[in-house]
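Let's take a walk through this structure together, one chain at a time. Keep the viewer open and follow along as we go.

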Amino acid sequence: MMKEPFKLVAVGTLGFWLIAFALLPNLLLVVASFLERGADEFLAFAFTLDSYRRLLDPLYLSVLLDSLYLAAMTTLLCLLLGYPFAYRLARTPARWRSLLLVLVIIPFWTSSLVRTYAMVIILQTHGLLNQVLLSLGLIAEPLELLYTEPAVIAGMVYALLPFMILPLYAALEKLDHRLVEAARDLGAGRVTIFRRILLPLTLPGIIAGSLLTFLPGLGMFYVADLLGGAKTLLVGNLIRDQFLSARDWPFGAAASVLLTVLMGLLLWAYALSSRRANQRALP
Amino acid sequence: MNLKRAAQWAYLLLIYGFLYAPILVLIVYSFNDSKYSLEWRGLTWQWYQNLFDDPDLLQVALNSALIATLSATVATVIGAMAAVALYRYEFFGKPLLNALIFVLMMTPDIVMGIALLILFASLSLPLGFWTLLLAHITFNIPFVVVTVLSRISGFDRHLLEAAKDLGATEFQTVRRVVLPLLSPAIIAGWLLSFTLSMDDVIVSFFVTGPTFEILPLKIYSMVRLGVTPEINALCTLMLGMTLTLILVAQGLLREKT
């Protein structure tokens, strides 16, 4: 009997909060995406599939595809840069490792807006990168680096790289390195070791890291704004504009539902792959 | 073999350089005595002075600190109690709560922002202080739960049984045994929540109104107008604060684990 009050309060508050501010808003989001645009209010209570139909409009479809492309490139670059890094980190001696790890955690928690702004300073026409390239004689005139697609990708990689490194590190640190050594002794080459041992055993980490870079990569509208100029580059910018300037809430909601469905699919892939990896890890 | 090791360390250094160089440049330029040029013209406090002389900016900074303090505190109370309950008890709906915490952590900020905006709009709540506070508490809760849960999972269940055998009530057990053991994780959870709240752009963008401005959104609108040394100084201050809080939080989480 004694434990009832605490349990009731703790579970009750959490349950109330999650239902009121996590479950309910998301349900409302789905409902809103099927409604019509209102004349005075933002939403009118009439069922329509119009918003979803409009997502297939070539104009919006191209934003969607561009955004998927940018997020995918970002994820791929983060993976290519992050994997060898996380592998090295997991193999450094313990006394160095905690310091090196904290150095990754710091940018993980610092404001990505501030870090995006730092990127603007570097990439400006009269910014540091151009100055360095000019003084090295590699270029004759300053390059237009800012407000280009590569700048946006660079900014997103910069903002999201720690989100890739940390899950990869977690997966690689758990990995029994004797497996790699055994494979090497048995004559396996690097490619084989990567393909047959590292890849399957660290797949959950790879997918987790990809989720944490890909999903925010679709939504970080301020990175596209500050580094890509005024063009609507990301689904994030599209959604924001529907709520801010275009005032088309149902359409913005439909685009968000699409993002959520995408997230669901990726999470499902993650659950599936981690179950497989666990099975393989057992004898 | 040594060459290979050197190459590996060089690679680590390169990535750290990529992660830290832009931040360092930002910090260095915040002290540069030159408004437009990149050339180093000597040390100055001018840009920091300008920030502190701006009453509007000070108000905005106070707003941010207020929201961060309140949201971190409420989220820590709810999240820490929830973590203890999730660890100790079985109850109806537990899988649903676990799933909601996970979904809340994984939801892209932009989706969370507009979902909350739609909720607030359908309740006809005016956007401003209260909506912002509710939103920040919401995204902070899962981080506190996860931080505290990871600490509890490591501790000895026998301690709780011993307390019970010695006649402690449930309330006494929580207050005298569970809380002291968990305090580093609880403080770390608070610090991380405070940081998240101070730095959030996307969710806040949707759920605050013109009556209540906060620092990240102010920085965002300033940066869109161009790069100035004052923004360098402001961003350096934000970085300094975040850095201090993270280091303290990491120190607390490492202790005795």
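A good place to begin is chain B, whose secondary structure consists of 11 helices and zero strands. Reading from the N terminus, you therefore meet α-α-α-α-α-α-α-α-α-α-α, with the elements defined as DSSP runs. What you are looking at is a predicted model, with an ipTM of 0.88 and a pTM of 0.90. For chain B the mean pLDDT is 90, and 97% of the residues reach 70 or more. Within chain B, the lowest mean pLDDT of any element, 84, belongs to helix 7 (residues 157–165), while helix 9 (residues 202–207) has the highest, 95.

Now turn chain B around to get a sense of its extent. Its C-alpha trace spans about 70 × 65 × 30 Å along the principal axes. Of its 257 residues, 43% count as buried. Looking at contacts in chain B with a separation of 6 or more, 81% are accounted for by residues 24 or more positions apart.

Helix 5 of chain B deserves a stop of its own. Is this helix largely enclosed or largely in the open? Of its 14 residues, 13 are buried, so helix 5 of chain B is largely enclosed by the rest of the structure. Its length can be checked too: at 1.5 Å a residue, the 14 residues should span 20 Å, and the end C-alpha atoms are indeed 20 Å apart. After helix 5 of chain B comes Ser124(B), with a positive phi near 55 degrees, even though this residue is not a glycine. You will find Ser124(B) in the loop between helix 5 (109–122) and helix 6 (129–152) of chain B. In contrast to the buried residues of helix 5, Ser124(B) counts as exposed, because it has 6 C-beta neighbours inside 10 Å.

Another loop to visit in chain B is the one between helix 3 (55–88) and helix 4 (94–106), where Gly93(B) sits. Gly93(B) has 12 C-beta neighbours inside 10 Å and so counts as exposed. From Gly93(B), look across to Tyr48(B): the two residues are 45 apart along the chain, and their C-alpha atoms are separated by 52 Å.

Next, move to chain A. Here the secondary structure comes to 12 helices and two strands, in the order α-β-β-α-α-α-α-α-α-α-α-α-α-α along the sequence. The C-alpha atoms of chain A fill a box of roughly 75 × 70 × 40 Å along the principal axes. Buried residues account for 41% of the 283 residues in chain A. Among its contacts between residues at least 6 apart in sequence, 70% join residues at least 24 apart.

How do the strands of chain A pair? Strand 1 (residues 35–37) and strand 2 of chain A run in the antiparallel sense, joined over three bridges. Within this pairing, Leu35(A) stands opposite Phe47(A) in strand 2 of chain A. Strand 2 (residues 43–47) of chain A has five residues, and the number buried is zero, so this strand lies largely in the open.

Further along chain A, Arg247(A) shows a positive phi of about 55 degrees, although it is not a glycine. Arg247(A) lies in the loop between helix 11 (235–244) and helix 12 (249–281) of chain A. With 13 other C-beta atoms within 10 Å, Arg247(A) is partly exposed.

Finally, bring both chains into view. In this model, 66 residues of chain A are in contact with 64 residues of chain B. On the side of chain A that touches chain B, helix 1 (residues 4–33) of chain A gives the most, with 19 residues. That side of chain A divides into 48 nonpolar, 13 polar and five charged residues.

Which residues touch the most other members of the largest nonpolar core? They are Ile114(B), Leu116(B) and Ile118(B), in a core of 154 residues. Helix 7 (residues 149–174) of chain A gives the most to this core, with 18 residues. In soluble globular proteins, nonpolar side chains tend to be buried together. To see the two chains meet, center your view on Ile118(B): leaving aside its neighbours within four places in sequence, it is in contact with Pro25(A), Leu28(A), Leu29(A), Ala32(A) and Ala253(A).

Note on methods
Residues are numbered from 1 along each chain as its sequence is written. Chains are lettered from A and ligands numbered from 1 in the order in which they are written. This is a predicted model: local features need pLDDT of at least 70, side-chain atom pairs count only at pLDDT 80 or more; totals for chains, interfaces and linings use all residues. Helices (H or I, at least four residues) and strands (E, at least two) are DSSP runs, numbered from the N terminus. A residue is buried if 20 or more other C-beta atoms lie within 10 Å of its own, exposed if 12 or fewer, and partly exposed in between; C-beta atoms are placed from the backbone. Two residues are in contact if their C-beta atoms, placed from the backbone, lie within 7 Å. Two strands pair if DSSP finds at least two bridges between them. Ala, Val, Leu, Ile, Met, Phe, Trp, Tyr, Cys and Pro count as nonpolar, Asp, Glu, Lys and Arg as charged, and the others, Gly among them, as polar. A nonpolar core is a set of buried Ala, Val, Leu, Ile, Met, Phe, Trp, Tyr and Cys residues joined through C-beta atoms within 7 Å. The expected span of a helix is 1.5 Å times one less than its number of residues. pLDDT is the predictor's confidence in each residue, from 0 to 100.
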